[in-house]
Amino acid sequence: MSGKKIRVLMSKPGIDGHWRGGIVVSRAIRDAGMELIFGGFQNVEQIVESAIQEDVDVIGLSIHSGAHFAYTQQVIDLLKERGVLDNFMILVGGIVPAQDFSKLKEMGVANIYGPGSMTSDIVEFIKTNVKK
Amino acid sequence: MKVSYDLDTLINKFKKKDKVALAKLITTIENEPEKANEIFKHFEGISHDSYIIGITGSPGVGKSTLTGAICKRLLEEGKSVGIICVDPTSPFSGGAFLGDRVRMTDISLHPNVFLRSLASRGYKGGISRAVFDISLLYEAFGMDVIIIETVGVGQAEFDIYNLAYSVVVVLVPGYGDAIQMQKAGIIEIGDMYNINKKDLGGEDIAVQIEMMLDDTVFHSGWRPPVSMTDAISGEGVEELIQNLWDHKEHLELSEAINEKKKNRFSYKIKELIYSKIEKLISESLINENEIKEIVNHALKDGKFKIYRTIHNKFEEVNFEIKKKE
């Protein structure tokens with residue numbers, strides 16, 4: 001079973017105890033044959049360091065605190081500072097209002113998954129858009 | 001959108017201790033093990049040796065938390081540490097949920113640590129095929145200590161014994177009685193035993209292990225010590241680390257370390273040869289479809305004919321291996 005596998009990091013930036021969404025999506029990613037690294041609660045530096053060391057293809061940010069602009073921007077800035085922004089695809093999920101989607105995309109997020117999203121869509125999007 | 005790096009650039013960055021390059025080389029070697037030769041020929045001048053520690057035990061005994069706690073102490077001593085954590089790949093989906101890093105968040109930003117989570121990718125024995133290669137990469141990177149954390153193992157996955165110089169078998173309170181301690185396999189391979197979650201008790205397990213050890217003859221002159229930890233609070237970890245250094249000293253003074261090193265390489269050489277032969281067999285001798293055919297045959301004629309069917313199948317086989325003179 002060697003060969004390439006898509007690797008995804010699932011992280012929850014900041015202090016935000018809502019695990020369930022991240023766990024459900026992580027499980028769907030596992031069941032779709034990908035390797036999911038569960039980062040859990042991490043600060044921005046830990047997220048970037050984990051993404052680098054685990055050499056993931058996708059950074060998934062699960063945010064339910066309303067601070068999605070702030071955290072996402074900080075992650076992007078630090079990735080840029082480390083010179084590795086282009087190595088990763090960034091996805092954001094959680095309680096994100098639909099009117100915020102376009103701004104997040106302008107910031108560089110590949111896609112956003114708010115309440116009611118289908119895990120099958122997330123899996124499909126990753127498989128289609130991660131170039132191996 | 002994904003950036004691709006060429007190998008020479010990666011090697012040059014790696015030699016300047018660039019962690020991005022180390023991460024990318026690990027990915028390369030994990031996905032394309034046939035590139036190992038091309039990669040390692042650039043490191044032939046490096047003579048650095050890392051000390052390799054193996055952490056093994058059943059799922060949920062606290063291996064990752066303990067690995068983090070050991071690593072934290074080693075970092076405080078000024079050592080650099082490379083960690084490899086293996087979790088199982090699903091036999092159904094081929095996917096994996098790697099949940100070791102989440103236990104070590106507090107050490108993850110230290111400049112002298114590198115942590116990689118691996119999925120077993122169908123490899124048996126409690127590790128993954130890439131573990132040996134990654135340990136070599138860590139040695140070339142200059143890590144003082146390498147910690148390999150196995151999959152949560154059952155009773156019979158002990159490949160770690162061949163790859164690590166000191167193996168810690170981690171148990172928890174309620175592990176089992178004197179009969180469990182007599183079984184062959186995982187309980188035999190510890191260079192030391194550690195009972196984690198000592199806040200829940202476990203003194204009886206320590207006694208059972210000591211009694212098991214009382215009945216053992218130690219030809220090496222090393223009797224495995226037994227320690228108890230509460231990995232979350234860090235209680236007892238000092239003693240466990242002392243046991244590790246005592247074992248290291250024992251190996252070095254008795255020169256048994258050379259045997260351990262030889263063992264590590266002969267394990268990999270055998271693995272490489274077997275996997276090449278396995279590939280040869282599945283490509284040219286028998287594949288999944290042929291197995292299905294045999295099964296259909298056997299079930300049609302009756303299950304008791306399975307051995308005859310296989311016997312007949314191999315009558316047709318002409319498999320020649322040319323031995324070099």
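Me: Helices are DSSP runs of H or I with at least four residues, strands are DSSP runs of E with at least two, and both are numbered from the N terminus. With that in hand, where is A:His64 found?

Reply: A:His64 sits in the loop between strand 3 (58-63) and helix 3 (68-81) of chain A. Before we go on, two notes on the numbers. Residues are counted from 1 along each chain as its sequence is written, while chains are lettered from A and ligands numbered from 1 in the order of writing. This is a predicted model, in which local features need pLDDT of at least 70, side-chain atom pairs count only at pLDDT 80 or more, and totals for chains, interfaces and linings use all residues; side-chain values use heavy atoms, with hydrogens and water left out.

Me: What makes the side chains of A:His64 and A:Lys12 a polar contact?

Reply: The term asks for a pair of N or O atoms within 3.5 Å; within protein, one must be able to donate a hydrogen and the other to accept it, and residues adjacent in sequence count only if both atoms are side-chain atoms. The pair is 3.3 Å apart, so the distance fits. Setting aside neighbours within four places in sequence, A:His64 is in contact (heavy atoms within 4.5 Å) with A:Lys12, A:Asp16, A:His18, A:Gly94 and A:Ile95.

Me: Why is the link between A:Asp31 and A:Arg27 called a salt bridge?

Reply: A salt bridge needs a side-chain nitrogen of Lys or Arg within 4 Å of a carboxyl oxygen of Asp or Glu. Here the closest N and O atoms are 3.2 Å apart, so the name applies. Both residues belong to helix 1 (residues 20-31) of chain A, 4 residues apart, about one turn of the helix.

Me: How many salt bridges are there between chain B and chain A?

Reply: The count is 4. In one of these pairings, B:Lys24 meets A:Asp55, with the closest N and O atoms 2.9 Å apart. The rule also finds 18 residue pairs in polar contact across this interface, both residues at pLDDT 80 or more. On the chain B side, helix 2 (19-31), strand 3 (96-98) and strand 4 (113-119) each supply at least two residues. Helix 2 of chain B gives the largest share, 7 residues.

Me: How do you know what area chain B and chain A bury?

Reply: Buried area is the accessible area (1.4 Å probe) that two parts lose on being put together, summed over both. For these chains that comes to about 3200 Å², 52% of it on carbon and sulfur atoms. The contact involves 32 residues of chain B and 36 residues of chain A.

Me: Which strand of chain B pairs with strand 2 (residues 35-42) of chain A?

Reply: Strand 3 of chain B does, in the parallel sense over 3 bridges. Strands pair if DSSP finds at least two bridges between them, so this qualifies. One of the bridge partnerships is A:Leu36 with B:Phe97. The resulting open sheet has 6 strands in the order 5(A)-4(A)-3(A)-1(A)-2(A)-3(B), with parallel pairing.

Me: What makes strand 5 (111-113) of chain A and strand 3 of chain B edge strands?

Reply: Each pairs on one side only. From one strand to the next, the twist averages 20°. Helix 5 (residues 119-129) of chain A packs on this sheet, and its direction makes about 175° with that of strand 4 (89-94) of chain A. Such axes are lines fitted to C-alpha atoms, for helices over the stretch in contact, and angles run from 0 to 180 degrees between N-to-C directions.
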